[in-house]
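Me: I would like to go through this structure and ask for the reasoning behind each label. Please set the values against the cut-offs.

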Amino acid sequence: MSVDWSWIGEHKGDLVSLSVSHLQAALTAVLFGLLISLPLAVLAHRVRPLRGFLLGLSNVLFTIPSIAVFVLLLPVSGLTRTTTVIGLTIYTLVVLLRNTVEGLDSVPHKTKEAAKAMGTRPLRTLLTVELPLALPVIMAGVRIATVMAISLVSVATYIGDGGLGQLFTDGFQRNFPTPVIVGVVLTLLLALVADAALVGVQRLLTPWARPRTRKA
């Protein structure tokens with residue numbers, strides 16, 4: 001299976017455009033997934049009877065085939081980027097919700113009691129104590145959800161979107177392997193770059209978690 005390098009040179013602009021579109025769809029879905037999962041995770045953490053229901057519901061949504069989700073959304077949002085983002089957001093919830101709940105659970109009880117003893121209000125304790133300490137676990141979920149979303153964007157090709165997934169369709173229809181290979185490579189690169197960027201963001205947000213270098 002050979003690669004037609006001249007085809008790549010002739011389509012550089014299209015490849016950049018598709019890569020940007022692909023990444024935008026994935027990151028938008030992760031952002032919405034995070035905005036939805038954070039309050040739900042706090043609710044599940046605070047109200048234990050709801051924990052099993054919310055986590056179970058997210059697991060059920062995750063079992064629905066991705067192409068079926070997009071098809072079911074078509075009567076609502078049509079052949080638009082909105083359909084892609086909604087579908088991807090549903091899939092990110094199972095990872096983001098579970099990791100956020102586990103992150104909040106990992107905060108030591110003594111730490112929360114100390115904040116309470118100092119007169120810190122519950123909301124402030126959540127924002128300044130619990131969420132910062134839970135951030136490493138939450139960010140692990142964000143990284144997984146981001147990579148997963150990047151890989152799933154291509155499925156949206158079946159509804160006229162899909163970013164780099166369009167290269168797969170083009171290559172298969174013309175029995176021309178170059179677009180398929182390029183699409184796979186670019187998708188992997190996007191996932192690697194996004195994951196590395198998130199690692200950097202996590203390091204910036206959690207300076208206390210960095211390994212300390214011993215002074216000579």
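Me: Where does Thr 169 lie, and why does Thr 169 count as partly exposed?
Reply: In this predicted model, Thr 169 lies in helix α8, which covers residues 165–174. Its relative accessibility is 29%. Buried means under 20% and exposed means over 50%, so Thr 169, at 29%, counts as partly exposed.

Me: How far apart are Thr 169 and Val 180 in sequence and in space?
Reply: Thr 169 and Val 180 are eleven residues apart in sequence, and their C-alpha atoms are 7.9 Å apart in space.

Me: Why is Ser 58 called buried?
Reply: Ser 58, in helix α3 (residues 48–63), has a relative accessibility of 7%. The cut-off for buried is under 20%, so Ser 58 counts as buried.

Me: What does Ser 58 touch, not counting residues up to four places away in sequence?
Reply: Ser 58 touches Val 94 and Leu 97 on that count. In addition, a polar atom of the Ser 58 side chain lies 2.7 Å from the backbone oxygen of Leu 55.

Me: Why does His 45 count as buried?
Reply: His 45 is found in helix α2. Its relative accessibility is 8%, and buried means under 20%, so His 45 counts as buried.

Me: What makes the pair His 45 and Asp 105 a polar contact?
Reply: The side chains of His 45 and Asp 105 are joined at 2.7 Å. A polar contact needs a pair of N or O atoms within 3.5 Å, one able to donate a hydrogen and the other to accept it. The pair is therefore listed as a polar contact, with 2.7 Å set against the limit of 3.5 Å. Leaving aside neighbours within four places in sequence, the residues in contact with His 45 are Leu 104, Asp 105, Lys 112 and Glu 130.

Me: Why are α2 and α7 called oblique to each other?
Reply: Helix α2 (residues 12–46) and helix α7 (residues 122–152) pack at an angle of about 140 degrees, and their axes are 10 Å apart. Roughly antiparallel requires over 145 degrees, and roughly perpendicular covers 65 to 115. The angle of about 140 degrees fits neither, so α2 and α7 are oblique to each other. Their crossing is right-handed.

Me: Which kinds of residues make up the contact of α2 with α7?
Reply: The residues of this contact divide into 15 nonpolar, three polar and two charged. Among them are Leu 23, Val 30 and His 45 in α2, and Leu 126, Glu 130 and Ile 138 in α7.

Methods:
Residues are numbered from 1 along each chain as its sequence is written. This is a predicted model: local features need pLDDT of at least 70, side-chain atom pairs count only at pLDDT 80 or more; totals for chains, interfaces and linings use all residues. Side-chain values use heavy atoms; hydrogens and water are left out. Helices (H or I, at least four residues) and strands (E, at least two) are DSSP runs, numbered from the N terminus. Buried means under 20% relative accessible area, exposed over 50%, partly exposed in between (1.4 Å probe, protein chains only). Contact means heavy atoms within 4.5 Å. Axes are lines fitted to C-alpha atoms, for helices over the stretch in contact, and angles run from 0 to 180 degrees between N-to-C directions. Angles under 35 degrees count as roughly parallel, over 145 as roughly antiparallel, 65 to 115 as roughly perpendicular and the rest as oblique. A crossing is left-handed if the near helix is turned anticlockwise from the far one by less than a right angle, and right-handed if clockwise. Ala, Val, Leu, Ile, Met, Phe, Trp, Tyr, Cys and Pro count as nonpolar, Asp, Glu, Lys and Arg as charged, and the others, Gly among them, as polar.
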